[in-house]
Amino acid sequence: MDKLIHIGFGNIVNTAKIIAIVSPDSAPVKRMVQKAKENGTVIDATQGRKTKSVLVMENSQIVLSALLPETIAGRAQTEFEEPADKQD
C-alpha cells in the first residue's frame with residue numbers, strides 16, 4: 001500500500017507519486033507553476049497562505065503547499081522508515 005503524507009491544512013498526498021519537492025523561489029519553478037495554472041493541472045493546498053514548496057507529481061500535476069520543502073521531505077522519509085520495535 002502506498003504511503004500518504006500530510007502537506008498542511010488537512011491535505012494529503014501519495015508519496016509514491018511525488019517526483020520532486022522544490023522551493024517556489026526560482027524563475028524556472030515560477031514558470032512551471034504558471035504554466036500548470038494555465039493548463040489547469042495545479043492543485044493549491046495552501047489555503048490562501050504563501051506557497052513555500054512545490055510538489056511535482058508523477059502525472060504532471062503540480063501541488064502547492066504552505067509547508068517548507070524540508071518539512072515535507074522529512075515527513076516523507078519517516079513514512080519509509082520501519083519502526084525499531086516492530087515484530088514480524
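**Exercise 1. Find which side chains form the salt bridge that a search of the whole structure yields, and place them in the fold**.

A search of the whole structure finds one salt bridge, the term meaning a side-chain nitrogen of Lys or Arg within 4 Å of a carboxyl oxygen of Asp or Glu. The model is a predicted one, in which local features need pLDDT of at least 70 and side-chain atom pairs count only at pLDDT 80 or more, while totals for chains, interfaces and linings use all residues. Residues are numbered from 1 along each chain as its sequence is written, and side-chain values use heavy atoms, with hydrogens and water left out.

Step 1: the partners are E58 and K17, with an N to O distance of 3.5 Å. Step 2: the pair links distant parts of the chain, 41 residues apart, since E58 lies in the loop between β5 (53-57) and β6 (62-65) and K17 in the loop between β2 (11-14) and β3 (18-22); strands (E, at least two residues) and helices (H or I, at least four) are DSSP runs numbered from the N terminus. Step 3: E58 has 48% relative accessibility and K17 has 38%, so both count as partly exposed, the class between buried (under 20% relative accessible area) and exposed (over 50%), with a 1.4 Å probe and protein chains only.

**Exercise 2. Work out how the strands pair and in what order the open sheet is built**.

Step 1: β1 (residues 4-8) and β2 pair in the antiparallel sense over four bridges, where pairing requires that DSSP finds at least two bridges between two strands. G8 stands opposite N11 in β2, and in the two-residue turn of this hairpin F9 has a positive phi of about 55°.

Step 2: four other strands form an open sheet of mixed pairing, in the order β3-β5-β6-β4. Here β3 and β4 (42-44) stand at the edges, each with a single partner strand, so one side of each is left without a neighbour in the sheet. Step 3: β4 and β6 pair in the parallel sense over three bridges, with D44 opposite L64 in β6.

**Exercise 3. Identify which residues make up the largest nonpolar core**.

Step 1: a nonpolar core is a set of buried Ala, Val, Leu, Ile, Met, Phe, Trp, Tyr and Cys residues joined through side-chain atoms within 4.5 Å. Step 2: the largest has ten residues, namely I5, I7, V13, I18, A45, L55, M57, V63, I72 and A76. Step 3: β1, β5 and α2 (69-80) are the elements that give two or more residues to this core.
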